[in-house]
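Reader: I'd like to go through this one feature by feature. Could you take me from the confidence scores to the folds and then to the interface?

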Amino acid sequence: MSTTSNEKLHLITLVGPPNSGKTTLFNQLSGKNFKTVNYPGSTVEYSTSKIQSKFGIDADLLDSPGIISLNPNSPDEEISVNSLYNHPEFGSPHLLITTVDVSQISRHLLLCKQLIESGFNIIVALTMNDILAKKGFEVDENKLAEELGCGVIKVDGRTGRGIDKLLTCVKPKLNDDVIDEIKVAHKIFENISKEKLLNLYKEIERIEKNVIVEIRNNNFSNLLQANEKLKILNPTLKYGSNRPDARTLKIDKYLLSRRWGLVFFFLIMSVTFTSIFWIANPFMDLVDKLFGYLSTSAAGIFGYTWYSNLIADGIISGTGSVLVFLPQILILFLILGLLEDTGYLARGAMLIDKPLSKIGLNGKSFVPMLSGFACAIPAILAARTISNRRERLLTIFIIPLMSCSARLPVYTLLIAFLTPADKALLAGIALAVVYLSSILGSIVVAAFINKFNKKIINAVDSSSFILELPAYRVPKIKNVIRNSFENAKQYIYRAGPIILVLSIAIWFLTYFPNHSPEVNTKGLSQKEVVQLIKAERLSTSYAADLGKVIQPVMSPLGMDWRIGVSLIAAFAAREVFVSSLAMIFKVTDEDNLQSSILFAMKDAVNEETGKPLFTVPTIVGLIVFFIFAMQCLSTVAVSKKETGGWRIPILQIIIFTSTAYIFSLITVNFLRFVGF
Amino acid sequence: MKTASELNFGERAIISDVDNSHPSFRRLLEIGFTPGQEIELVNSSAFNDPLAFSLRGTLIAIRKHEADCIILT
């Protein structure tokens, strides 16, 4: 052992199959509530923390993603299996705590046995003992410890029962003397032979028979009766312990019914999406008003100087444009988290697998695609759970077409322009149409790309769908809420700085070089002078120069350089479009950002033609553009990282953006032709 | 030779073998579809594919063509 590792804390890694209660145990040990989700394989990221000080053990704790066996089957699993032996950051673990769900003990012992045979130092934590007890059985932990040759402790991650006992078992294992003797674990299970696997399972089944015992207690007669019933229902089963959770089977009769399953599915999805918009709306208005107010006050405090302008237009409005859709992201993560935690999302994936497989996707693409409606970045990361490379790449490919929440401020603004303010329902319907077209668009694109699969995706692979449907559980609201906040925070960290920097860059481009132009102030009020200075400054700014370069591209769409500049800015991040319009049309001194932009938009005149700039055709054309265009730098970066090269992100930019331009062109000219 | 994809709803059967030539055979074995195990077809999606089997105390959804390589006794 090297000297440096003596200074380092001991490392304990939690390992277990998906849904084995691993993360719940992690939360108990770390005291920090982290992700506990039901969708198999969804803990892609590692969680780490120290063991709570009250337990008196000074060690690092690592929560690894769920794996089924040491023979990896997806990129996700490969990472987690490899980092078990040697984590790039934390090194090799001194001790593994392996979670085993006793209600499906034979399946979960497979990983456990493999870990022991590989030479890891392990302790087994038995979970879900209450579910097994409901069936009238329990595990004899002493016998199991004897069979496995390692410590076996029953724990209840929800109440924390058994944690103390687990830790008294952990302590002696962390003595430095003991650690020095640890053999190095070896990879012996990659590409394991069928024969070896079957022998392993035979051994496990023998152990299972030995350690599962009927509960004998006061409720003895009751349980015996229940058990008798099971045997009657199930005469060939030796063990009632091997039936799935009865309540789950009952719920599935409805939710997975062949007649109503899809109806429930679409109902749940529609409720999810409508509630995102309905619930988030008032909060978004609040954020919007707050930043409008801050911006106005800042301008008032600092007067008409360049730095006042920077603070009010650049920094405050920029921050506001990041935070305005925070409520939405929070609510989407909240609902997704709830669906995940109850166990429904895995069923959603199953229900939708067949239609998705027709366009070259997989049922497992469903959750990443759904997350894409919040933000493409976590969605692309979530695609790691798809084991098939071709399906994974195709899923990543079409995720940017999902209407992410960054597009919502843009749609909201554009739709508000089209619909009268007092008709909220009409705006809602218009938004639904936009979302439906984005879904339809992505289906068509996926089908198209699937057809030219070899040329675009460049990977052939056999498709598969094997997914555990976890038992239904009441979601742990506290965990879901914390998890949503965690996700929202990450989103702000990731997207926030880019958006802020770009807002300032756009401010710079629109403010310089002619920052204090000379204007004829004769006979004008103070306010009119300010407006005139602003207009003059802008039309001689760097942004104007840049915009005039792209004017030829914008003219066929009936748009001028000002929209062009905003669209360029939107390539950094879509929501910048709104703040950029606000800046270009110099909206600062109003209480409400959106209504003042709308006001400015209605007045705006196309500098080339002299006609109104924003008309029904140009607005609809812009919406169409935003449905298809690949406009987010962070998405491009993540897409490059996750697909392992520039090929896919560049194709995404070219295909989606040219589609966006062409469709927008067709829409604008068609609408004009029919007389709008 | 009957395979798992030919089961009726609620019908139980014992697995006799898993077809080695299928690309997912190892994952099927690892997840618990091993010879000697009893499975029951519990549910399916509205499109009759994938199928959900009860196995070793839990529910596993697999596609029909995967169920096809699970041979029953």
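Reader: What does chain B average in pLDDT?

Author: This is a predicted model, and pLDDT is the predictor's confidence in each residue, from 0 to 100. Chain B averages 90, and 100% of its residues score at least 70. Going element by element in chain B, helix α1 (residues 25–31) has the lowest mean, 89, while β3(B) has the highest, 94.

Reader: And which scores does the predictor give the complex?

Author: An ipTM of 0.95 and a pTM of 0.78.

Reader: Okay, on to the fold of chain B. How do the elements run from the N terminus on?

Author: The order is β-α-β-β-β-α-β, so to speak the skeleton of the chain by DSSP runs. That comes to two helices and five strands.

Reader: What radius of gyration would a compact globule of 73 residues have, and what does chain B have?

Author: The idea is to compare the chain with a globule rule based on the number of residues. For 73 residues the rule gives a value near 11 Å, and chain B has 11 Å, so the two agree. Along its principal axes, the C-alpha trace spans about 30 × 25 × 20 Å.

Reader: How much of chain B is buried, and how much of chain A?

Author: A residue counts as buried if 20 or more other C-beta atoms lie within 10 Å of its own. In chain B that applies to 53% of the 73 residues; in chain A, to 47% of the 676 residues.

Reader: Let me try a single residue. Is I597(A) buried or exposed?

Author: I597(A) has 22 other C-beta atoms within 10 Å, so it is buried. You'll find I597(A) in helix α27 (residues 593–603) of chain A. Its C-alpha atom is 16 Å from that of G314(A), with the two positions 283 residues apart along the chain.

Reader: What share of the contacts joins residues at least 24 apart?

Author: Take contacts between residues at least 6 apart in sequence: in chain B, 53% of them join residues at least 24 apart. For chain A, the corresponding share is 73%.

Reader: Now the sheets. What holds the strands of a sheet together?

Author: Strands pair through backbone hydrogen bonds, either parallel or antiparallel. Chain A has nine strands, along with 30 helices. Six strands of chain A form an open sheet in the order β2-β3-β1-β4-β5-β7, and its pairing is mixed. At the edges are β2 (47–50) and β7 (151–154), each pairing on one side only. Ignoring direction, neighbouring strands are turned by 20° against each other on average.

Reader: Where can I see a parallel pair in chain A?

Author: Try β1 (residues 10–15) and β3 (residues 59–63) of chain A, which run parallel and are joined by five bridges. H10(A), for instance, has A59(A) as its bridge partner. Then look at what packs on the sheet: α4(A) touches β1, β4 (95–101) and β5 (122–127) of chain A, and its direction makes about 165° with that of β4(A). Helix α7 (residues 163–170) of chain A lies across β1, β4, β5 and β7 of that chain, at about 165° to β7(A).

Reader: And what is the order of the antiparallel sheet of six strands?

Author: The order is β9(A)-β4(B)-β3(B)-β2(B)-β1(B)-β5(B), so this open sheet takes strands from both chains. Its edge strands are β9 (466–469) of chain A and β5 (70–72) of chain B. From one strand to the next, the twist averages 45°.

Reader: Which bridges should I check there?

Author: Begin with β9(A) and β4(B), antiparallel and joined by four bridges; L469(A) stands opposite L59(B). Towards the other edge, three bridges join β1 (residues 12–18) of chain B to β5(B), again antiparallel, and V18(B) stands opposite I70(B). Lying across β9 of chain A and β3 (51–55) and β4 (58–62) of chain B is helix α15 (residues 344–358) of chain A, at about 140° to β9(A).

Reader: How many residues does each chain give to the contact?

Author: Chain A gives 37 residues and chain B gives 33. On the chain A side, the elements giving two or more residues are α4 (105–118), α9 (194–211), α11 (246–255), α12 (261–302), α15 and β9. By class, that side has 16 nonpolar, 13 polar and eight charged residues.

Terms used. Residues are numbered from 1 along each chain as its sequence is written. Chains are lettered from A and ligands numbered from 1 in the order in which they are written. This is a predicted model: local features need pLDDT of at least 70, side-chain atom pairs count only at pLDDT 80 or more; totals for chains, interfaces and linings use all residues. Two strands pair if DSSP finds at least two bridges between them. Axes are lines fitted to C-alpha atoms, for helices over the stretch in contact, and angles run from 0 to 180 degrees between N-to-C directions. Two residues are in contact if their C-beta atoms, placed from the backbone, lie within 7 Å. The radius of gyration is taken over C-alpha atoms; the globule rule is 2.2 Å times the number of residues to the power 0.38. A residue is buried if 20 or more other C-beta atoms lie within 10 Å of its own, exposed if 12 or fewer, and partly exposed in between; C-beta atoms are placed from the backbone. Ala, Val, Leu, Ile, Met, Phe, Trp, Tyr, Cys and Pro count as nonpolar, Asp, Glu, Lys and Arg as charged, and the others, Gly among them, as polar.
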